[in-house]
Amino acid sequence: MTEINARINRCGVIPVINIKKTEWALPLAEILLEAGFPALEITLRSDAALESMRLIHEKYPEMILSAGTVFYPEQAEAAMAAGANFLVTPGYEANLAAYCKEKGYALVPGCASPSEIQTAYVNGISVQKFFPAELSGGVAALKLFSGAFRDVKFVPTGGISLSNLGSYLKEACVLACGGSFMAPAGLLEAGDWDGIRALCKQVASIAKEAGRM
Ligand code: 3PG
């Protein structure tokens, strides 16, 4: 396991945010780091995304940043230049996968079926986003997948909440869970940093209970 994956595995969570304002970037990164969560995925779904990554990378180089919703090589390049450690996609797409392999960029593609998992795996990708996790069979599906795909680690994302997080984190095949549950849009919009701090505490206690952190 790489050092980055080991840090992610230890805390068990990758908060995913669709950042609308660059002003959110640094306060959020600070809160997450203070609470023991060193990873953050910023989706490339807004104009603020790349600049936010740059700001965080500059001030907190220890933060593990991933760029989400990457579709094209140009986006991969922009995200890597902004400080991304790895790239996340909703599905597995051969062109982008080949591009990332050639460039040596770590790619975590969304895979939700045995065919997708196998395709990504034989193409050298052993960390995969299990997406959309809850709709694709949740923990029960992961238990079956992990029998066949012993070397694959999953990042279940999509439908993860405080109530099901613990059951995912107890699975050895789960590197970490991704999701908007730690910094939900409503709290970000309201600038409710105390609310996000409180959620981080709750998540930390769930993660500890599941043997992480
Ligand atoms: C996303 O694509 O926005 C992520 O999968 C987050 O999903 P969630 O809001 O269900 O956590």
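These questions and answers concern two pockets and a ligand in a predicted model.

Reader: What makes Arg45 a polar contact of the ligand?

Author: The cut-off is 3.5 Å between N or O atoms. A side-chain N or O atom of Arg45 is 2.7 Å from an oxygen atom of the ligand. That pair therefore counts as a polar contact.

Reader: How do you know that Gly159 and Ser180 make polar contacts too?

Author: The test is again a pair of N or O atoms within 3.5 Å. For Gly159, a polar backbone atom is 2.8 Å from a ligand oxygen. For Ser180, a polar side-chain atom lies 2.6 Å from a ligand oxygen. Both pairs therefore pass. The protein buries 74% of the 310 Å² that the ligand exposes when taken alone.

Reader: Why is the shell around the ligand described as having five polar residues?

Author: The shell holds Arg45, Phe131, Thr157, Gly158, Gly159, Gly179 and Ser180. Gly counts as polar, so Gly158, Gly159 and Gly179 join Thr157 and Ser180 in that class. Phe131 is nonpolar and Arg45 is charged.

Reader: Which pocket does the ligand sit in, and what makes that the verdict?

Author: The ligand sits in the second largest pocket. The verdict means that more than half of the ligand's atoms lie within 2 Å of the pocket's grid points.

Reader: What lines the second largest pocket?

Author: That pocket has about 350 Å³ of space. It is lined by 26 residues; Val16, Asn18, Thr43, Arg45 and Ser180 are the closest to its centre. Helix H9 (185-189) gives the most, with three residues.

Reader: How much space lies in the largest pocket?

Author: About 520 Å³. Its lining has 16 nonpolar, 10 polar and five charged residues.

Terms used: Residues numbered from 1 in each chain as written. Predicted model: local features only at pLDDT ≥ 70, side-chain atom pairs only at ≥ 80, totals over all residues. Heavy atoms only, no water. 1 Å grid on protein atoms, 1.4 Å probe; cavity = no way out; pocket = protein on both sides within 12 Å on 5 of 7 lines; lining within 4 Å. Points joined across faces, edges and corners; volume = space filled by probe spheres on them. Helix = DSSP H or I, 4+ residues; strand = E, 2+ residues; numbered from the N terminus. Near = heavy atom within 4 Å. Polar contact = N/O pair within 3.5 Å; in protein donor to acceptor, adjacent residues only side chain to side chain. Areas by Shrake-Rupley, 256 points an atom, 1.4 Å probe, with all protein chains shown as cover.
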